[in-house]
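Reader: Please take a close look at the salt bridges in this model. I would like the partners, the distances and the exposure of each residue.

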Amino acid sequence: MTRIRRGYIARRRRTKIRLFASRFRGAHSRLTRTITQQKIRALVSTHRDRDRKKIYFRSLWIARINAVIRENRVSYSYSKIINDLHKRQLLLNRKILAQIAISNRNCLDMIFNEIIIKNKESEKIRRNDLTGVPGEKTPGKK
């Protein structure tokens with residue numbers, strides 16, 4: 001039986017894979033079977049780590065914001081500030097707050113002071129409504 005020479009398609013596919021693995025070390029960049037295994041593993045790792053990177057950055061932003069808040073006030077924390085931001089419907093995400101915390105702490109302090117002052121005012125109003133201030137008539141009653 002005569003020998004059949006294979007076409008160029010398989011060779012082209014293997015060279016494509018080798019170009020992907022050219023930066024790997026040892027047999028991982030030379031042997032075709034090992035290259036395919038390492039390529040699958042590398043792609044799985046990149047997919048997983050894209051999600052992890054988002055988690056890491058979010059936790060970094062939270063840590064930076066919390067550090068700046070606790071530096072000035074002992075009793076205030078990150079969770080209280082975020083809760084107050086949502087109550088006031090201020091649309092500042094954690095990334096922006098962290099950048100402000102690093103670059104301009106005075107600006108962040110001004111934002112949080114305004115939130116805290118408004119929060120205390122609303123607490124006083126709420127307490128007066130619950131207890132009832134003497135001498136005032138409540139609306140709706142005669």
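Author: The salt bridges are taken one by one below. This is a predicted model, in which local features need pLDDT of at least 70, side-chain atom pairs count only at pLDDT 80 or more, and totals for chains, interfaces and linings use all residues. Residues are numbered from 1 along each chain as its sequence is written, and side-chain values use heavy atoms, with hydrogens and water left out.

A salt bridge here is a side-chain nitrogen of Lys or Arg within 4 Å of a carboxyl oxygen of Asp or Glu. By this rule there are 3 salt bridges.

Asp49 takes part in a salt bridge with Arg48, where the closest N and O atoms are 3.2 Å apart. Asp49 also meets Arg52 in a salt bridge, at 4.0 Å from N to O. Both Asp49 and Arg52 belong to helix α2 and are 3 residues apart, about one turn of the helix; helices are DSSP runs of H or I with at least four residues, numbered from the N terminus. For exposure, buried means under 20% relative accessible area, exposed over 50%, and partly exposed in between, with a 1.4 Å probe and protein chains only. Asp49 is partly exposed at 34%, Arg48 is partly exposed at 36%, and Arg52 is partly exposed at 38%.

Arg105 pairs with Glu71, with the closest N and O atoms 2.9 Å apart. This salt bridge links distant parts of the chain, since Arg105 lies in helix α5 and Glu71 in helix α2, 34 residues apart. Arg105 is partly exposed at 40%, and Glu71 is partly exposed at 49%. Through shared partners, salt bridges join Arg48, Asp49 and Arg52 into one network.

Key. Helices (H or I, at least four residues) and strands (E, at least two) are DSSP runs, numbered from the N terminus.
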